[in-house]
Structure formats: structure tokens, C-alpha cells
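Colleague: Could you walk me through the links between side chains here? I'd like to take it one step at a time.

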Amino acid sequence: FCKPCGLGLICNGGNQAPLQALGYSAGAPSYEGGDPTFIVECSSNVRCPAGLPLAGCPAGNYGVACVNCAENHFDDNGLCMSCSESNFVVWPLIVAILFGLMGLVI
């Protein structure tokens with residue numbers, strides 16, 4: 001039997017599982033074909049893009065509304081980026097601090 005597609009979901013019909021709509025996060029159902037365990041509006045469309053499977057988040061993000069970052073990731077305007085793939089380089093900062101400290105000693 002058919003049931004209406006709820007707010008925050010994209011339903012393609014047939015036996016296909018619904019997908020998350022833009023700006024929404026939905027929990028995986030307790031059983032195949034069941035309703036999502038939750039549907040919440042996200043604070044960011046970047047964290048909750050359209051078309052993800054239920055309980056899906058962009059890579060590096062996880063949790064309700066995809067607000068948490070995985071280990072060794074940092075939040076960059078809603079998306080969790082890998083620290084190892086970051087363009088931020090620490091060693092020039094360390095060298096600058098050392099030269100600054102040497103200047104205080106001399």
C-alpha cells in the first residue's frame with residue numbers, strides 16, 4: 001500500500017526508500033520499509049543536502065542533523081574537512097613563534 005511522503009523527505013515512488021530533502025536529516029527506520037526514526041530541520045543546507053539516503057551525511061559529518069565531525073576532522077562552514085587534507089600548514093606558524101621567542105630573549 002502507498003503512504004504519503006512526509007515533510008523533509010523525497011519519495012521517488014515504487015518500493016524505493018525515501019531520500020532526505022534539502023535542509024533535513026532523517027534517521028534510519030527501525031525495520032526495512034518503516035518510517036524514519038526522526039526527521040529534523042538542519043541548521044545548514046550544506047550539512048544536509050538533498051538526495052542522501054536516510055541517516056546519511058556528507059563525508060566527515062555524522063549524527064542528528066549531521067552536526068558532528070568525525071575524528072581528525074574540523075568544521076569548515078558546515079562541512080567537516082579532514083585535517084590531513086587541509087591546506088593549513090602548521091610548521092610555518094611554529095617557526096614564526098620560535099623566531100618571536102628568540103627575539104624576546106636577545
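**Side-chain links**

Modeller: Happy to! Arg 47 and Asp 75 pair up in a salt bridge, 2.6 Å from N to O; the term means a side-chain nitrogen of Lys or Arg within 4 Å of a carboxyl oxygen of Asp or Glu. This is a predicted model, where local features need pLDDT of at least 70, side-chain atom pairs count only at pLDDT 80 or more, and totals for chains, interfaces and linings use all residues. Residues are numbered from 1 along each chain as its sequence is written, and side-chain values use heavy atoms, with hydrogens and water left out.

Colleague: Is Arg 47 buried or exposed?

Modeller: Arg 47 is buried, at 13% relative accessibility, while Asp 75 is partly exposed at 37%. Buried means under 20% relative accessible area, exposed over 50%, and partly exposed in between (1.4 Å probe, protein chains only).

Colleague: New topic: how many disulfides are there?

Modeller: Four turn up in a search of the whole structure, a disulfide being a pair of cysteine sulfur atoms within 2.5 Å. One of them joins Cys 42 and Cys 48, with sulfurs 1.9 Å apart, and both of these cysteines are buried.

Colleague: And what is the handedness of the Cys 5 and Cys 11 disulfide?

Modeller: The torsion about that S-S bond is about 85°, so the Cys 5 to Cys 11 link is right-handed. The link of Cys 69 and Cys 80 is left-handed, with -80° about the S-S bond.

Colleague: Why no bond for Cys 83?

Modeller: The closest cysteine sulfur, in Cys 69, is 8.9 Å from that of Cys 83, which is too far for a bond.
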